[in-house]
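Grab a coffee and work through a couple of exercises on helix packing and cysteines. Each one has a task, then a solution in steps.

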Amino acid sequence: MSTPTRITHLVNGVPWEGTAERTSPVFNPATGVQTGELDLASAELVGEVVGVAKAAWESSWQRSSLTQRTQVLFKFRELLNAKKADIGALITAEHGKVLSDAEGEVTRGLEVAEFACGIPHLLKGGFSENVSTKVDVYSIRQSLGVVAVISPFNFPAMVPLWFVPIAIACGNAVVIKPSEKDPSAVNAVAELWAEAGLPDGVLNVVHGDKEAVDALLEHPDVKAISFVGSTPIAEYVYDVGTRNGKRVQALGGAKNHMLVLPDADLDLAADAAVNAGFGSAGERCMAISALVAVEPVADELIAKITDRMGKLVTGDGTRETDMGPLVTAAHRDKVASYLDSGVADGATLVVDGREGDVDADGEGFFLRPTLFDNVTPGMGVYDDEIFGPVLSVVRVGSYDEGLELINANTYGNGTAIFTNDGGAARRFQNEVEVGMVGINVPIPVPMAYFSFGGWKSSLFGDSHAHGMEGVHFFTRGKVVTSRWLDPSHGGLNLGFPQND
Ligand code: NAD
């Protein structure tokens, strides 16, 4: 067995050369073999890295012209596009998702870099001439300084790319702390930024756990935090970060419902439920985990879904498989425990993911797709975000009952309705209390020029990711009122400025 590769921080354009006090193992989830040993940053090191970022912002990037920034952004876009397959392979090796899916997430991240290439247009302010006699007013948006990005394991490239290109395009310096479970993709992408000509220190990668996150939350020179992860940690990051005076957007967990009306195309709905339920082994924040079937369609829909599930190949994501392993052994075991608890709570286990073969060598962290029927609120399989390949069917009697169920859920990230009734779809988009809505589209992830974010316990803060909300999050506004010398406006006047 080969020795695990050391994975370390990238500070000021180069790999860190210190010795870590603490490290953490990184596994290939398809084989169960430890492939990496990750350096975990101490609070002291995080402080040093923030200092490096601040110096880079103050000395160069803050004052870089829009032309200089876009030259770097366009070059980065080209490099990322060229390296898509390499980065996809790194993702598969540490996360486990199949190669096509891994490359797909890089493509979605690339779209944000493309959006950020338009920063000269996105940062254009307003100008009003002669608002008062010979007085002009204009608005500008300026960078914040050092901003931090803290990302989850499930999209090791795409989630960081939701934030980093826009933060950099807006003139900030960035410290990113990726998930400790699959850290290599962020290092590879950071190297592309350097190759694209981004000055040293503008983007730094610190690896770590709670200690590094807390150090970022406490550091006075970190002005904004973009966090994505589970709801309890998102809420914690939001509370501590805002208490420390930072701007925080903290995207949390999800329980996404797909409402199927009796008039829906059931083949389309069955395909969508399987794709969105089991793609990336259910480890997507936009995965469908609750299928809400409006009777009388449940039996027919379940038969179609079961039939499709029988055709799925679970195994090593580098092979011809549909679904890879879960990210760690502990996560696989936790997800598998819901199969027992669901049965104990009275749900019907239609397809048991512990049975059947997987196409892989070694001791990978596999669990095949699982289907539950007769799930109701109050059961753990319904109430918890399982974050694995477990799809639960909830039977309801009407559209209203389905809507009430979805709106009562604590999460509000994504949802979808399947129907051929335009009026019903229109009602749903208006009445559902969820941030991202699909109509006959199961995973409605917005394009880069719209913004991504949920409602309720799926987002803390009021800014969604990327799109114009991203540009606003990473800048602060200033309004300038200007008058050039004119003798007729001279003289003393202590009154509040009024227009003439
Ligand atoms: P996680 O909350 O365990 O970790 C997220 C980040 O927080 C990581 O960088 C991790 O190192 C750090 N962290 C972990 N424990 C911490 C602690 N006690 N204090 C401070 N920081 C801590 O999440 P995960 O398991 O990596 O990712 C899966 C979760 O992310 C799911 O809940 C999923 O729904 C959510 N997610 C949400 C979105 C969204 O857009 N809303 C997108 C992707 C993932």
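A residue counts as buried when its relative accessible area is under 20%, and as exposed when that area is over 50%. One thing before you start: this is a predicted model.

**Exercise 1.** Work out whether Cys117 is buried or exposed, and what keeps it out of a disulfide.

*Solution.*
- Step 1: Start with accessibility. Cys117 has a relative accessible area of 8%, so Cys117 is buried.
- Step 2: Look for a partner. The closest cysteine sulfur to that of Cys117 belongs to Cys170, and it sits 13 Å off.
- Step 3: Apply the cut-off. A disulfide needs two cysteine sulfur atoms within 2.5 Å, so 13 Å is too far for a bond.
- Step 4: Check the other cysteine. Cys170 is in no disulfide either, with the sulfur of Cys117 as its nearest. Cys170 is buried too, at a relative accessible area of 2%.
- Step 5: Confirm with the full search. Over the whole structure, the count of disulfides is 0.

**Exercise 2.** Describe how helix 2 and helix 4 pack: which way do they run, and which residues meet?

*Solution.*
- Step 1: Find the geometry. The axes of helix 2 (residues 66-82) and helix 4 (residues 99-116) come within 9 Å, crossing at roughly 165°.
- Step 2: Read the angle. Anything over 145 degrees counts as roughly antiparallel, so that is how helix 2 runs against helix 4.
- Step 3: Add the handedness. Helix 2 and helix 4 make a left-handed crossing.
- Step 4: List the contacts. From helix 2, Leu73, Phe76, Arg77, Leu80 and Asn81 meet Val106, Leu110, Ala113, Glu114 and Ala116 of helix 4.
- Step 5: Sort them by type. You get 7 nonpolar, 1 polar and 2 charged residues in this contact.

Methods:
Residues numbered from 1 in each chain as written. Predicted model: local features only at pLDDT ≥ 70, side-chain atom pairs only at ≥ 80, totals over all residues. Heavy atoms only, no water. Axes fitted to C-alpha atoms, helices over the stretch in contact; angles between N-to-C directions. Helix = DSSP H or I, 4+ residues; strand = E, 2+ residues; numbered from the N terminus. Parallel < 35°, antiparallel > 145°, perpendicular 65-115°, else oblique. Left-handed = near helix turned anticlockwise from the far one by under 90°. Contact = heavy atoms within 4.5 Å. Nonpolar A, V, L, I, M, F, W, Y, C, P; charged D, E, K, R; others polar. Buried < 20%, exposed > 50% of the residue type's maximum accessible area, 1.4 Å probe, protein only.
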